[in-house]
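Hi,

Here's the structure I promised to pass on. Have a look when you get a minute, and my notes are underneath.

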Amino acid sequence: MSSCSIVLVHKLSLGTKSKDKWGHRMKKNVIKIFLISGILVFFSNLSGYENPLFPDIVIEEPFSSTIRTPMNLYQISVNPALFKNSYQEDFVYYRANSIDRINFFRRVYDPKRQRDYQLFFYTHKILDKKSTLAAAVRYNRADQYDVYRSLEKNFYNNYFSYIDTTKGNVKYDGPQLWFLYNYSLTNNLLLGFEIDYGIERSLKDVYTKCETVIRNLDLKFGAAFNSNNGNVVTGAFARYFSYEGQYNAVKELQDAFVRTYFGYHVFRDENPRSLNRKNDHKEGYEFGAQLARKNILVDGLGVQLSGSYGTRYTKITVGSTTIPGDRGYWVRDGFRIFGAVFYQPVTSNFMFQLFYEYKDFYDWARSGEYDVVTIENDEIMHRFGSVLYLPLMNKVGISSGFEMENIRSDYHEYIVKFDYKGNRINWNRFIDVKISLDQITNVHGKACTGKIEPYFYWNTEKMDIISFQYGFDRLFVFGTLGLDFNYEIWEPDGADMNIETFGLSVSYWK
Amino acid sequence: MVKKLPFLLFIPILFLSGCFKGKPTQFDGELAVKIYVIFEGNYLPDIPVLLSTFDYNISTYIDTTDSAGLAEFEPIPYADYKVNIKATAILPSFDNPDSLVEFTVVGACIVEPGDGGIFIDTLEVIASGAESGLKINEIYYTGPPNNFFYWYDQFIELYNSSVDTVYLDGMVVCRMGTFLESVTYIFQFPGEPLIGREYPVPPDSFVVLAQDAMDHTNIPNLPLPESVDLSHADWEFRNSIDYGDFDNPDVPNIDNIEVGHRLDFMINLVGDVILIADGSDLNYLDGIDINSVIDCVEYHKSSDAMKEIEAELDRGFAGVGIIKYGGESIERISAGFDSNNSSIDFVILSSPTPGYQHE
């Protein structure tokens, strides 16, 4: 579960028969805001260079926007064929944002401070009755300061991490491109194609200088079937993703001295050489199917169900550029089921939804030189939550939500025996208020509290999380401008230090 | 058919599991290594056996042989291990079986387990000083920590592990190229090869051959506190046609005899072959006669480097994993210990020990 931030949902069908009490202009404005919520979901799909096997289904987003609609099927399934059902108006969006995270409390290989900058452009357009096109471009930059030894962007995300002997600053940057095309083959059958491509480079500023070059590719193909009355939607998708990473560690005058970790406790000193390289190759597949039904028994009651199965393979080699040594590989496979029930009658702006997610995956890693298992991890996650939206008068909307997850981990390292069995519970709750000051100006504020029980390598039992968000947006003749500010603090149990995050975002949409 | 399409797409899911790699059936950390220790046909009890690896940051395993001469290590991680033995054994005397004699035995070998769960090997130890003679005991070639390419403090240490005095007269010290046919440098001690008696090396004594016999830790305006003081070296390499070569007048010289060679005896910081020969074959153009070779050591920082010298002279590499400009040195595990496999004969020292053996 991510930190406290607002739960965002989408309006499945923006052109419904909703008898909105707001004025026409206001209604259009609201639609745009809903769309923004949708766009923010793409951030997770564009979430950088990781290619997670099961991308997070983002209920929450770091922008304050009152939640009025349940999640749409594209959001929970990532089936590109369902995009057209969810977004039915042309839209253009620009955003620039910055996040400053100060890790007063940190793990050994975390940076002391990280500043992220992003420039984001997104658009989707209804080309004709049958075709919808969406595209996004994002430029990412992350500056990490005082990184102790790690040559990884996130040391703890890998079983085979790479470190050297120095402390320095690292700058990561690169573009990402995203493209989606939806086509209606018949009135009922939809096809979709989606591609996400990114390149990232980084450089550590002290010797051992380490330059990384990463290429990321994510392809999805999907098909969906709509019933004639639009109440039943079913679909299936296939996903292929690949990731190629290269870490080049060089040292001036002396040889680069690097280490490869196997898990979190055992490492190997690599042969020193003027250029030491780690190659990281990942490849994976995911297949899924989904089903949604609206207006069951009563108007506005609906269910959504999505499931997927996937597997990913990661191979690591380290050493010379010509004949690198095999350090092993790891395989992750598992499945996820996500279900939601929502109620949103067309005669009212009231909305309530419940969701449940079950995720089960299993990791195992093999030694590079011997046919033996070095690491195993079995993880099961149950997650559920609810969101309630209450419109108060015409100008105020309040949403509140609660989310909880239970993660059971069974982690083993076998080179030198280490076992961890965890049964962790994380939760958060929020309340968000949005007020329309006049026909063209809105302000919003959100407060959130939560608790997480982190993994063993955090070396703390739990963390309390508090966050606040404020913002406003105003409609101008050229479009709408929005400004958001976010503050978040993580307070580890029994530690004097904490983790603070400040965020600032400027956005423009029309 | 259209309605069934999404369900047809679901079918591949059923076949996806394990589409990449099969999971191994064995787990790491469950290897058993059993080493029998033998000395002249007898299994040795109560001998401490050390098992260490460069593969992981795990500590050295120690076990003592039982009455059958067996040392067992289990369960341990799958890795390449180096086995070392240096111990005192009490055995019946060869001349008088009724009396007991104390021997210092040494031995080493490499354990390279396969995918099986058990590795069994026999290690034949030798009495310390076996295969005795003049040995290249230590080579310091990496240079001290510095950022101006300073490595002129290199030295080679010889050790006489025999019970007889050996004489350096006319011997040659060579830096080899590719195999014995190729000589890169050849420097010679003064005196007559084989018959000269001017420069003795008593038993159990060290000889330090410095590239430049000076105190490298105390050079004006060039602080190198982690270098080494070679001002009292026994010999100094000298090339009389290298006019910039430092020459300590108090230290005798080993001179270059290669025509046209204008460099001092500088050896590679990454990998090289050092050889000493008795000087009976001075025609270096066709290489060095293997029968004249007294000792030879090949070192390289990488274990997968190409061998540059014949396996009869050295089957391995010393100095695997060493860092250039790290101030580290390589030395035999015990003075003069030589099994003609530098991978197991040598250890890496964090700092050089000219003229004495590390603890």
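Below is what turned up where the two chains meet.

First, the housekeeping: this is a predicted model, with local features needing pLDDT of at least 70, side-chain atom pairs counted only at pLDDT 80 or more, and totals for chains, interfaces and linings using all residues. Residues are numbered from 1 along each chain as its sequence is written, chains are lettered from A and ligands numbered from 1 in the order in which they are written, and side-chain values use heavy atoms, leaving out hydrogens and water.

Chains A and B each put 48 residues into the contact (heavy atoms within 4.5 Å). Together they bury about 4100 Å², with 67% of that on carbon and sulfur atoms (accessible area, 1.4 Å probe, lost on putting the two parts together, summed over both).

Two salt bridges cross the interface (a side-chain nitrogen of Lys or Arg within 4 Å of a carboxyl oxygen of Asp or Glu). One of them joins A:E376 to B:K23, at 2.7 Å from N to O.

On chain B's side, α1 (5-10) and β1 (26-27) each supply at least two of the residues touching chain A; helices and strands here are DSSP runs (H or I, at least four residues; E, at least two), numbered from the N terminus. The largest share, four residues, comes from α1(B).

There's also strand pairing between the chains: β16 (residues 372-392) of chain A runs parallel to β1(B) over two bridges (DSSP has to find at least two for a pair). Within β1(B), B:F27 is the bridge partner of A:V373.

Cheers
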